[in-house]
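The following paragraphs walk through a protein model, starting from a question about its sulfur atoms and then moving from the overall fold to individual residues. Please keep the sequence and the coordinates open while reading.

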Amino acid sequence: MPALGIKFPDTDSLAIEDTLECARAADAAGFESLWMSDYASGDIFAVLSACAVVTERIKLAPGVAIIYNRAPVAMALGAASLDTISKGRALLGLGIGHRSIVEEQFGGFAYERPARRLREYTEITRQLLREGELSYRGEIFTLDYKPWVRFHRPHIPIIHSPFVEASARRAGMLADGTLHTCVTPDRVRANAGWVAEGARAAGRDPAAIELGAYLWTIVAEDAETHERGRHLIKRQLAWYAGELPLYANLLRASGYSDNVDRVAAIWRGGDQAAAVDAVADEIVDQVGLVGDLDHCRARVQAYREAGLHRPVIYPMPFAPSETKQAFLSAVRILEG
């Protein structure tokens with residue numbers, strides 16, 4: 001099977017020993033990359049560096065590091081340190097996050113000019129790694145920096161996580177790859193076109209930009225687990241519709257406006273259970289991989305045929321205590 005990534009679930013329930021065991025299992029199975037969200041998982045560069053020490057081949061990636069969490073030089077140095085410790089296996093996923101999370105949970109930062117901020121973060125990281133020092137004059141950041149260390153590589157692939165057409169085009173202009181979330185195969189095809197158009201507009205080769213996406217995955221070998229898995233994905237989608245406008249708008253743009261509007265209204269009205277039940281089965285079928293190993297593999301292939309270069313398995317545990325089990329079950333997708 002071509003390149004396939006895997007992601008740690010979004011939970012802080014894993015002890016570091018279990019995290020490292022999961023990393024070793026993914027590496028041994030032959031996964032191309034291992035991803036971790038910049039949320040509720042400890043310091044992302046520290047944890048991934050620990051994973052680097054116990055693995056040999058797998059690439060290690062923040063997926064994605066939120067640009068409001070760190071100063072741009074700190075972000076660049078974190079990625080460079082991970083790359084050094086892993087001997088050149090780092091990827092750097094950068095993302096704008098969500099207004100509600102940034103402003104309410106990350107210390108009151110103002111969610112201002114996210115697109116411009118992402119552009120300057122990308123430019124700063126590239127310049128610092130390529131030239132070994134930094135003199136940057138942007139609209140948001142003005143800084144000079146000369147580190148006291150040498151970097152392992154002059155270039156670390158930078159991955160953007162676009163939600164809408166404009167950000168997909170921008171990724172084609174600036175990034176080395178993309179990492180989408182909650183996308184249907186049809187949306188993958190659309191994103192591929194927009195990324196390619198952005199690349200050509202910037203004089204870049206579209207073929208050099210790798211399209212990736214998280215694929216929500218629940219390995220379900222029996223009917224009960226299958227039903228629970230579909231309900232879990234419905235709950236995630238209802239939360240997205242009711243609480244996170246970027247994801248809600250993505251689902252609307254994917255052809256589900258009526259259902260998203262209905263679910264969002266019910267969720268905001270306070271009846272979350274009814275909102276979950278109102279999520280259309282069609283959306284679950286399109287964005288989720290819920291079934292036995294053969295079904296999950298077939299769905300991965302469907303995304304590849306839609307133009308996805310780097311599918312990333314996103315295991316979804318039913319409870320925090322089941323995080324390790326969900327991850328190791330998903331590892332089996334590549335072992336077969």
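How far is the sulfur of cysteine 22 from the closest cysteine sulfur, and in which residue does that closest sulfur lie? The model, which is a predicted one, places the closest cysteine sulfur in cysteine 51, at 8.9 Å from that of cysteine 22, and this is too far for a bond, because a disulfide requires two cysteine sulfur atoms within 2.5 Å. Seen from the other side, cysteine 51 is likewise in no disulfide, its nearest cysteine sulfur being that of cysteine 22. Cysteine 22 is buried, with a relative accessible area of 0%, and cysteine 51 is buried as well, also with a value of 0%. A search over the whole structure gives 0 disulfides.

With that settled, the overall fold can be considered. The protein contains 13 helices and 12 strands. Its radius of gyration is 19 Å, which is close to the 20 Å that the globule rule gives for 336 residues, so the protein is as compact as a globular protein of that length. Along the principal axes, the C-alpha trace spans about 55 × 40 × 40 Å. Of the 336 residues, 55% are buried, and among the contacts with a sequence separation of 6 or more, 72% are between residues 24 or more positions apart. The accessible surface of the protein amounts to about 14200 Å², and carbon and sulfur atoms hold 50% of that area. As for charge, the protein carries 37 positive and 43 negative charges, and the mean positions of these two sets are 6 Å apart.

Some details of the backbone deserve a separate look. Most residues other than glycine have a negative phi, and most peptide bonds are trans. Against that background, the peptide bond from glycine 63 to valine 64 is cis, with omega near 0 degrees, and valine 64 belongs to the loop between strand S3 (59–62) and strand S4 (65–66). Arginine 113, although it is not a glycine, has a positive phi of about 45 degrees; this residue sits in the loop between helix H4 (99–105) and H5, and at 43% relative accessibility it counts as partly exposed. Cysteine 182, which is also not a glycine, has a positive phi near 60 degrees and is found in the loop between strand S9 (177–180) and helix H7 (185–201). Cysteine 182 counts as buried, since its relative accessibility is 3%.

Next come residues within helices. Glutamine 127 is part of helix H5 (residues 114–131) and is buried, with a relative accessible area of 13%. When residues up to four places away in sequence are not counted, glutamine 127 touches Gly132, Glu133, Leu134, Ser135 and Tyr136. Arginine 169, in helix H6 (residues 165–174), is partly exposed, with a relative accessible area of 29%. Leaving aside neighbours within four places in sequence, the contacts of arginine 169 are Trp194, Glu197 and Gly198, whereas proline 157, 12 residues apart from arginine 169 along the chain, is separated from it by 17 Å between C-alpha atoms. Alanine 253 lies in helix H9 (residues 245–268) and is exposed, with a relative accessible area of 52%. Between the C-alpha atoms of alanine 253 and glutamate 165 the distance is 9.5 Å, although these residues are 88 residues apart in sequence.

What does glutamate 32 touch, not counting residues up to four places away in sequence? Glutamate 32 is located in the loop between helix H1 (16–29) and strand S2 (33–36), and its contacts are Ala3, Leu4, Gly5, Ile58, Lys59 and Arg310. Despite its place in a loop, glutamate 32 is buried, with a relative accessible area of 15%, a value that falls below the 20% limit for that class. Glycine 307, which is 275 residues apart from glutamate 32 in sequence, is 18 Å apart from it in space, C-alpha to C-alpha.

Definitions and conventions:
Residues are numbered from 1 along each chain as its sequence is written. This is a predicted model: local features need pLDDT of at least 70, side-chain atom pairs count only at pLDDT 80 or more; totals for chains, interfaces and linings use all residues. Side-chain values use heavy atoms; hydrogens and water are left out. Helices (H or I, at least four residues) and strands (E, at least two) are DSSP runs, numbered from the N terminus. The radius of gyration is taken over C-alpha atoms; the globule rule is 2.2 Å times the number of residues to the power 0.38. Buried means under 20% relative accessible area, exposed over 50%, partly exposed in between (1.4 Å probe, protein chains only). Contact means heavy atoms within 4.5 Å. Accessible areas come from the Shrake-Rupley method with a 1.4 Å probe; for residues, only the protein chains shown count as cover. Lys and Arg count as positive and Asp and Glu as negative; His and the chain ends are not counted. The place of a charge is taken as NZ of Lys, CZ of Arg, CG of Asp or CD of Glu.
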